[in-house]
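Biologist: I would like a close look at one enclosed space inside this protein. Could you walk me through it slowly, and then show me how its surroundings fit into the rest of the chain?

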Amino acid sequence: MRVRLSTKMLSSAIAKTTATASPPSIHTLPLQRPQLLRNFVSFSHLSVPGNSISSSSRNQRICTVSASKSDARSPLSHQGDESFLRDALKSMETVYLNRNPTAKAILDLVHSIDDEQICYDHLAFRTFGVNGYGIDSMASFFLDHGYTQQEELRFPAKKLKALWFSPPSSSSQYGGSGVHGPLPRVFISELLVDQMSPKAQEIIRKYTEKAGNGNKYAALASALGSLTWGKPMYSEFQQLAGESEYAAWTLVNGYALNHVTISTHRLKSNLRSIKSLNEFIEKNGFKLNSEGGVLKVSPDGLLLQSSTVADSIPFCFSDGVNESVPCSYIEFAERLVLPQYKDLPESEVKEFHRRDGFEVGNADKIFESTSKEQLTRRA
């Protein structure tokens, strides 16, 4: 019942955003905001523009979320299902690009050189691991639309854990760009709230508890660009930021897309090399996350990642304070061919011949794209 209810509401909201026009491209995305539900707080006040750890108990718990749908882990069997999924992702992408001018500018820049397909490697979301607001709340939507749960990753120093989800195989045939191309992987992390200080826990629980059943509508909140809880006070934001920038970011951004990732090896121009893409982006005046070096490389040398520094946007706190807060960023990933396929002609190499999954060391540094240190450096 939970999934059916949230899906119905999401479908209605998306229908309103697309009723008057055909879906915009990823480079021209006007934001048409439907009437928001009463218990959602609109973000319209924002200007602007491998260490894998087994988790059988969590796996079982997440799988039961979609038990009512027999094909939840198999390729999408109905065109309507995939169309709805892509409509939801389009709404999430629209919100993301309207709030993050750097991401849109870089997509336009890459498109000006590589005018064919721009594919997304993965989409990333942040959550609070408390009161049902953690990974499960966002994962249920993707599991019910053919995604398959993969490894869990742990980040002890940041008090985080994450799961990633692989897309249904049927999506690989799509030839469009962005969310109209091959469906991306999904990376969902959560803050281990029970490991935070008592004061930080009090703040987080205050807002998630007041939101009632808002965790049921995680995908809807992301598609609308809304919080499911009330706007916090500036002092509370500062309190969380002093302990965890991840916690502070999530308090003011909620389920909004944290970042999208361009799959560089799927580009056709010389930008398909992430090193060339990094140089190109910096040459055009954009700052890249320098934590651990601009280029993050997995121990096996087969997963290369980099990212910009997050944009900052104005936020009006509940106590009337107006301050800039970190929003989102854009990432780049190059997945190299696995050793057993190194002799394949380049023209025959497919995505499944390349390094899959994620790497704790890389992801740990990518998280820093929204940190105060990186934002200050950007300024």
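**A cavity and its surroundings**

Modeller: Let's start with the walls: the second largest cavity is lined by H122, F187, H259, Q305, Y329, E331, F358, A363, I366 and F367. Please keep in mind that this is a predicted model. The space inside this cavity is about 90 Å³. How do we find a space like that? Rolling a probe the size of a water molecule over the atoms shows where empty space is left.

Now look at what the walls are made of. The lining has 6 nonpolar residues, 3 polar ones and 1 charged one. Two elements, strand 13 (329-335) and helix 11 (360-366), each supply at least two residues of this lining.

Some of these lining residues lead us on to other parts of the chain. Take F187, which lines the cavity. Together with F128, F187 has the most contacts inside the largest nonpolar core, a group of 84 residues. Helix 3 (residues 79-99) gives this core its largest share, 7 residues. Apart from the largest core lies another one, of 5 residues, and among them are V309, A310, Y329 and I366. Y329 and I366 also line our cavity. There is a general pattern to remember here: in soluble globular proteins, nonpolar side chains tend to be buried together.

Next, follow Q305, another residue of the cavity lining. Q305 is touched by I274, whose other contacts include T264, L295, L304, S306, F332, A333 and E334, leaving out residues up to four places away in sequence. I274 sits in helix 10 (residues 274-283). Is I274 buried or exposed? Its relative accessibility is 0%, so I274 counts as buried. I274 and T264 are 10 residues apart in sequence, and their C-alpha atoms are 6.1 Å apart in space.

Let's go back to F128, the partner of F187 at the top of the contact ranking in the largest core. Leaving out residues up to four places away in sequence, F128 touches Y133, G134, L191, V193, I204, T208, W229, A247, T250 and L251. Three of those names, A247, T250 and L251, appear again among the buried residues of helix 9. How many residues of helix 9 are buried? The count is 9 of its 9 residues, so you can call this helix mostly covered because buried means under 20% relative accessible area. The list also includes E245 and N253. Just after helix 9, G254 has a positive phi of about 60°.

Helix 9 (245-253) also takes part in an open space, the second largest pocket. This pocket holds about 410 Å³ of space. It is lined by 17 residues, and the closest to its centre are F237, A241, S324, P326 and K372. Helix 8 (234-243), strand 12 (322-326) and helix 12 (372-378), like helix 9, each supply at least two residues of the lining. Helix 8 gives the most, with 5 residues. By kind, the pocket lining divides into 7 nonpolar, 7 polar and 3 charged residues.

Helix 3, which we met in the largest core, also holds D87. With a relative accessibility of 32%, D87 counts as partly exposed. D87 and V179 are 92 residues apart along the chain, yet their C-alpha atoms are separated by 8.7 Å. For a contrast, try S222 in helix 7 (residues 218-224). S222 has 2% relative accessibility, so it counts as buried. Its contacts, again leaving out residues up to four places away in sequence, are M92, V95, F125, M138, Y255, A256 and L257.

Two loop residues are also worth a visit. Most residues other than glycine have a negative phi, and most peptide bonds are trans. N131, however, has a positive phi near 55°, and it lies in the loop between strand 3 (120-128) and helix 5 (135-143). K159 has a positive phi too, near 60°, and its loop runs between strand 4 (148-155) and strand 5 (160-166). Both count as partly exposed, N131 at 33% relative accessibility and K159 at 27%.

Finally, step back to the whole chain. It has 12 helices and 13 strands, and 56% of its 379 residues count as buried. The accessible surface comes to about 15,400 Å², with 51% of it belonging to carbon and sulfur atoms.

How values were computed:
Residues are numbered from 1 along each chain as its sequence is written. This is a predicted model: local features need pLDDT of at least 70, side-chain atom pairs count only at pLDDT 80 or more; totals for chains, interfaces and linings use all residues. Side-chain values use heavy atoms; hydrogens and water are left out. On a 1 Å grid over the protein atoms alone, a cavity is a set of points where a 1.4 Å probe fits but cannot get out, and a pocket is an open set with protein on both sides within 12 Å along at least five of seven lines; lining residues have an atom within 4 Å of a point. Grid points are joined across faces, edges and corners, and a volume is the space filled by probe spheres set on the points. Helices (H or I, at least four residues) and strands (E, at least two) are DSSP runs, numbered from the N terminus. Ala, Val, Leu, Ile, Met, Phe, Trp, Tyr, Cys and Pro count as nonpolar, Asp, Glu, Lys and Arg as charged, and the others, Gly among them, as polar. Buried means under 20% relative accessible area, exposed over 50%, partly exposed in between (1.4 Å probe, protein chains only). Accessible areas come from the Shrake-Rupley method with a 1.4 Å probe; for residues, only the protein chains shown count as cover. A nonpolar core is a set of buried Ala, Val, Leu, Ile, Met, Phe, Trp, Tyr and Cys residues joined through side-chain atoms within 4.5 Å. Contact means heavy atoms within 4.5 Å.
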